[in-house]
Amino acid sequence: LFATALIFSACSSEPMFQITNLDAAKNAVQGYYESGEYDRECSKIIDEAIHTIDEMTLNDKSAVVFDVDETALSNYEMTKKIGFGYDVAIWNKWLQEGTASALPQTKRFYDYLISKNVRIIFLTGRNKDVCEATRRNLTEQGFTKFDTLIVREPSEYKTPAAEFKSIKREKLVKNGYEIIACIGDQWSDLVGGNAGYKIKLPNYLYLLD
């Protein structure tokens with residue numbers, strides 16, 4: 001019986017666990033982004049964020065911290081072009097070009113905050129060598145008014161994203177800002193304190209710790 005069981009196990013074509021086919025996964029992601037579902041989900045999240053901030057008492061130090069990639073600016077078309085993969089040389093070239101499009105729902109949220117005289121801070125994991133390209137890209141996409149754009153200094157390139165952003169938010173608070181909310185596409189944009197109301201946008205393109 002034992003030998004028979006071994007033979008059956010060896011000959012069985014059933015996998016021990018299910019794995020999604022890579023092409024199927026890419027097609028599912030593309031369908032999600034291009035069917036309108038991604039836009040609908042983002043719109044609902046932004047509607048809720050505006051409603052929440054409408055209920056807050058604001059002052060001249062109230063600030064919202066924005067992530068950049070897949071939050072303020074969309075890299076979807078570039079990511080799709082390279083097959084939903086990642087190549088550091090292509091990515092860095094793309095950032096230097098500074099041609100990413102604004103995410104419409106985030107731009108609507110930004111415009112709302114500007115109308116409420118809330119201070120805007122961009123805090124990104126991008127490196128210092130693309131700071132000016134990032135600033136130009138943001139400005140050209142309509143994010144023309146913000147207090148500062150914070151990027152990684154060379155000494156911070158290896159700092160985990162959550163730790164890096166938490167440290168920067170702590171410094172902002174010490175400098176007098178009252179962070180009422182943070183918006184990002186990764187939980188590492190939002191964890192670690194001094195985040196206020198957390199606004200998490202969907203991202204099925206990549207995951208950062």
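Is F122 buried or exposed? Select F122 and find out: this residue is buried, with a relative accessible area of 0%. Keep in mind during the tour that the model is predicted.

**Stop 1: F122 and its partner**

Add F146 to the selection. The ring centres of F122 and F146 are 5.1 Å apart, and the planes meet at 85 degrees. Planes over 60 degrees apart count as edge-to-face, so this pair is edge-to-face. F146 is buried too, at a relative accessible area of 16%; the cut-off for buried is under 20%.

Now colour by element. F122 belongs to strand β4, while F146 sits in the loop between α7 (131-140) and β5 (148-152). The pair therefore ties together parts that are 24 residues apart in sequence.

**Stop 2: a pair within one helix**

Go to helix α6, residues 104-115. Select F109 and Y112. They are three residues apart, about one turn of the helix. Both are buried. What is the geometry of the rings of F109 and Y112? Their centres lie 6.4 Å apart with the planes at 15 degrees, so the pair is stacked.

Widen the selection to F66, F109, Y110, Y112, F122, F143 and F146. These residues form one aromatic cluster. It takes in the residues of both pairs just visited, F122 with F146 and F109 with Y112. Across the whole structure, a search finds 14 aromatic pairs.

**Stop 3: a charge over a ring**

Select R152 and F164. The charged end of R152 sits over the F164 ring, 4.6 Å from the ring centre.

**Stop 4: the largest pocket**

Switch on a surface. The largest pocket has a volume of about 700 Å³. Which residues are closest to its centre? Select D69, Y86, W91, G125 and L208; of the 32 lining residues, these are the closest.

Next, show the elements around the largest pocket. Those that give two or more residues to its lining are α4 (76-81), α5 (88-97), β4 (119-127) and α8 (161-174). Strand β4 is where F122 lies. Colour the lining by class: 14 residues are nonpolar, nine are polar and nine are charged.

**Stop 5: the second largest pocket**

Move on to the second largest pocket, with a volume of about 300 Å³. It is lined by 18 residues. Select Y38, S74, Y76, E77 and S101, the closest of them to the pocket centre.

The elements that give two or more residues to this lining are α2 (22-34), α3 (37-54), α4 and β3 (101-102). Which element gives the most? Highlight α4, which contributes three residues. Helix α4 also appeared at the previous stop, among the elements lining the largest pocket. By class, the lining of the second largest pocket divides into ten nonpolar, four polar and four charged residues.

**Stop 6: the cysteines**

Finish with C42 and C182. How many disulfides are there? The count comes to zero. C42 is in no disulfide, and the nearest cysteine sulfur, that of C182, is 17 Å away. The cut-off for a disulfide is 2.5 Å between the sulfur atoms. From the other side, C182 is in no disulfide either, with the sulfur of C42 as its nearest cysteine sulfur.

Check burial last. C42 counts as buried at 0% relative accessibility. C182 counts as buried at 1%.

How values were computed. Residues are numbered from 1 along each chain as its sequence is written. This is a predicted model: local features need pLDDT of at least 70, side-chain atom pairs count only at pLDDT 80 or more; totals for chains, interfaces and linings use all residues. Side-chain values use heavy atoms; hydrogens and water are left out. On a 1 Å grid over the protein atoms alone, a cavity is a set of points where a 1.4 Å probe fits but cannot get out, and a pocket is an open set with protein on both sides within 12 Å along at least five of seven lines; lining residues have an atom within 4 Å of a point. Grid points are joined across faces, edges and corners, and a volume is the space filled by probe spheres set on the points. Helices (H or I, at least four residues) and strands (E, at least two) are DSSP runs, numbered from the N terminus. Ala, Val, Leu, Ile, Met, Phe, Trp, Tyr, Cys and Pro count as nonpolar, Asp, Glu, Lys and Arg as charged, and the others, Gly among them, as polar. Rings of Phe, Tyr and Trp (its six-membered ring) pair if their centres lie within 6.5 Å; planes under 30 degrees apart count as stacked, over 60 as edge-to-face and the rest as tilted. Buried means under 20% relative accessible area, exposed over 50%, partly exposed in between (1.4 Å probe, protein chains only). A charge sits over a ring if NZ of Lys or CZ of Arg is within 6 Å of the ring centre and within 35 degrees of the ring normal.
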